[in-house]
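Hi,

Here is the structure I promised to pass on, with my notes on it below. Have a look at it first, then read on.

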Amino acid sequence: MHYDIREVKISYLSPFIEVIFTTLFLQEYRAFKMLAHFLVPLLSLLSLSAGQYTFSDNNGFGRRFDGIGGLSGGGATSKLLPGYPQHLRDQILDYLFKPSFGASLHILKVEIGGGSMSGGYEWWIMREAKKRNPNIKIYGLPWVFSGVVSKGQSDSPYTFPDRTVDYIIKWIKGAQDHHNITVDYIGEWNEQNYNITYLKLLRAGLDSAGFSHVRIVAADDFQAEFETSLARDMLLDPELSASVDIFGVHYSSTLSNMGSLQWGKQLWASEDYSTLNNDQGARTISWNLIASYYIAHTTQFTEPGWMYLSHHSGVGQLVGGGSYVALASPDNKHLTIILETMKGIGMLHVWFSQIGTQDQNNSSVFFYYQGEIKPNPKGEFELFMVDKNQIYTLTTLATGSHGTYPAPPGPEPFPFPYMDTFDDVVEHQEPYLVAPMAGSFEVVTEPGSPSNKVLRQMTVLPPVDWCETENFTLALLGNITWTEFTVETSFSLDVLNASEGVFVAQRINSGGCYTVGGGGLLFFVFPSNGTFQVWNDPRRATLLSYGPAEELTRTGYNKISLKVKIYLEKICFLFVEHNMNLYTFEILCKCLLRGLYRFFKHIKINTVQ
């Protein structure tokens with residue numbers, strides 16, 4: 001349902017981007033000796049003594065390396081980045097995407113918008129990535145589908161699979177025609193059951209629409225789902241096998257199921273940890289977008305299309321823990337070796353990281369250039385690793401760089417009081433601090449409104465979501481540390497397909513998929529029947545108060561506000577106001593956060609304060 005918001009008055013949303021690291025356990029002390037000699041134009045590295053490792057292309061190559069990437073999606077993980085001061089925003093984007101500078105990501109995976117959580121900033125971050133690296137690969141995956149694909153009749157995008165295929169193809173075409181972005185990979189549905197009919201129709205539809213280059217990743221689900229049933233179904237169905245190009249697994253182990261290996265498909269960790277995790281190492285695509293600097297050990301010295309050496313001839317496990325991989329460029333002119341805790345090669349450049357841990361009582365060093373190592377008179381390279389949690393890259397490439405910028409400024413308090421009339425927001429974009437959890441919010445020009453622009457909730461049909469969400473639209477803004485404040489908005493339902501009601505809220509204590517099961521204080525008004533309600537949770541299971549609100553108008557703008565005052569840390573005095581009528585009552589304080597408006601259909605919000 002539609003509604004327009006004229007202005008917003010509230011305060012304080014603390015922007016942050018998480019920077020977290022994966023721990024790799026490695027043997028505390030190792031020495032490696034390598035003898036380099038030519039068997040082909042580039043490479044054959046042979047270890048000679050006990051505890052050493054062979055690097056040779058005599059056994060051919062292993063799998064193709066498709067790159068390492070980052071993920072923007074799964075609940076507005078990049079929402080605040082566009083609003084950073086430009087020089088700081090550019091520095092962060094350089095660290096992410098600029099080749100031979102920082103993380104130098106090969107792949108950008110984004111959430112395909114569907115009327116919940118992610119919004120237009122995904123197009124922005126794709127453009128910024130392409131600006132810095134025109135060769136970066138783009139990978140789209142739906143978490144949520146627009147209710148259009150199910151005609152509002154189902155909670156599955158597979159009820160009318162042809163409509164869903166058309167929806168995805170239009171997204172790919174929109175990327176090409178309106179943003180000059182080529183989409184390289186497309187996923188099915190985040191962490192949901194795959195659908196054989198849909199995958200076949202998607203492949204046929206992409207080919208028919210001129211997008212035969214777009215590769216399909218399935219099933220973007222957890223390991224057990226993918227490695228047993230999907231591999232089995234592909235074995236029994238050649239058309240399905242021909243439709244799927246890449247097996248994409250979330251949070252995989254280091255071992256693969258034999259069924260998936262036998263098919264010869266590319267194997268991806270299409271979503272993996274970007275947290276401190278002692279059981280997993282770096283994988284293909286980290287969620288969220290910023291993972292850690294150590295991926296530069298791979299990304300700065302490889303490119304998609306390089307080839308792994310074969311297992312036991314350049315890829316394997318280290319004695320005592322850890323692993324090593326070696327990759328060769330397609331022209332066999334360059335070699336890169338990455339070790340977790342090692343050319344007729346005259347020298348190798350060495351890059352080093354130490355992941356500090358409390359139990360080791362050491363500090364972190366990330367992506368440090370240690371210089372060159374050269375072979376001894378016997379043609380052996382020696383590398384000594386004296387601690388665990390180290391990563392080394394040995395490479396013939398001289399292009400590596402630890403890009404740096406001056407330290408960013410410290411955090412500043414959010415301006416209080418805060419008010420937004422949306423006048424300086426670009427039309428059809430969402431405001432910087434409004435984070436949709438359900439629904440889609442765009443600023444549009446509204447002649448005759450008190451200000452020239454309003455924030456309009458655009459979604460008419462509930463989306464097909466990947467997790468349980470509210471049965472109304474919701475956007476959040478604010479700070480989880482707030483305790484006593486007032487939120488006020490003026491709104492109008494004088495639009496086509498209008499909502500029946502609107503609410504403002506405080507102390508919403510969960511976000512994303514967890515919002516619906518959390519708590520809060522929600523003040524609803526219903527101009528259609530002149531009533532109000534106050535609830536203690538988004539499910540509307542606990543009604544705190546209700547009554548008439550005859551002053552509400554069905555045309556023009558209404559103003560509502562919600563203020564909470566705490567007494568003796570337990571009792572909340574709730575002040576709800578609509579069009580100058582004030583209601584006050586007491587409740588037990590149970591929740592913690594902030595919040596704003598809702599309902600599928602349209603609403604116009606003119607101001608929020």
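Eight strands form a closed barrel in this predicted model, in the order E6-E7-E8-E9-E10-E11-E12-E13 and with parallel pairing. On average, neighbouring strands of this sheet are turned by 25° against each other, direction ignored. One pair to look at is E10 and strand E11 (residues 246-250), which run parallel and are joined by five bridges. Within E11, His250 is the bridge partner of Phe222. Helix H4 packs on the sheet, where it touches strand E9 (185-187) and E10. The direction of H4 makes about 155° with that of E10.

Next, the interior. The largest nonpolar core has 67 residues, and those touching the most other members are Phe97, Leu108, Ile168, Trp171, Ile172, Ile186 and Leu206. Several elements supply at least two residues each, including helix H1 (86-97), strand E7 (107-112), helix H3 (161-179) and strand E19 (365-373). H3 gives the most to this core, with seven residues. As for Ile168, leaving aside neighbours within four places in sequence, its contacts are Ile112, Pro142, Phe145, Ile186, Tyr198 and Leu202. Another core, of 18 residues, lies apart from the largest one and has Leu335, Ile337, Leu339 and Leu394 among its members.

You may also like Ser146, which sits in the loop between strand E8 (137-142) and H3. Its relative accessibility is 17%, so Ser146 counts as buried, the cut-off being under 20%. Beyond its neighbours within four places in sequence, Ser146 is in contact with Gly114, Tyr167, Pro463 and Val464.

Now the charged pairs. The count comes to 17 salt bridges. Asp220 and Lys109 meet through their side chains at 3.0 Å, N to O. This pair links distant parts of the chain, with Asp220 in strand E10 and Lys109 in strand E7, 111 residues apart. Asp220 counts as buried, at 0% relative accessibility, and Lys109 is likewise buried at 0%.

A network of salt bridges links Asp90, Asp94, Glu128, Lys131 and Arg132. Within that group, Arg132 and Asp90 form a salt bridge at 3.3 Å, N to O, joining helix H2 to helix H1 across 42 residues. Arg132 is buried at 15% relative accessibility, while Asp90 is partly exposed at 24%. Lys131 and Glu128 also meet in a salt bridge, at 3.1 Å, N to O. Both lie in H2, three residues apart, about one turn of the helix. Here Lys131 is exposed at 58%, whereas Glu128 is buried at 10%.

Happy browsing, and all the best!

Conventions. Residues numbered from 1 in each chain as written. Predicted model: local features only at pLDDT ≥ 70, side-chain atom pairs only at ≥ 80, totals over all residues. Heavy atoms only, no water. Core = buried A, V, L, I, M, F, W, Y, C linked by side-chain atoms within 4.5 Å. Buried < 20%, exposed > 50% of the residue type's maximum accessible area, 1.4 Å probe, protein only. Helix = DSSP H or I, 4+ residues; strand = E, 2+ residues; numbered from the N terminus. Contact = heavy atoms within 4.5 Å. Pairing = 2+ DSSP bridges. Axes fitted to C-alpha atoms, helices over the stretch in contact; angles between N-to-C directions. Salt bridge = Lys/Arg side-chain N within 4 Å of Asp/Glu carboxyl O.
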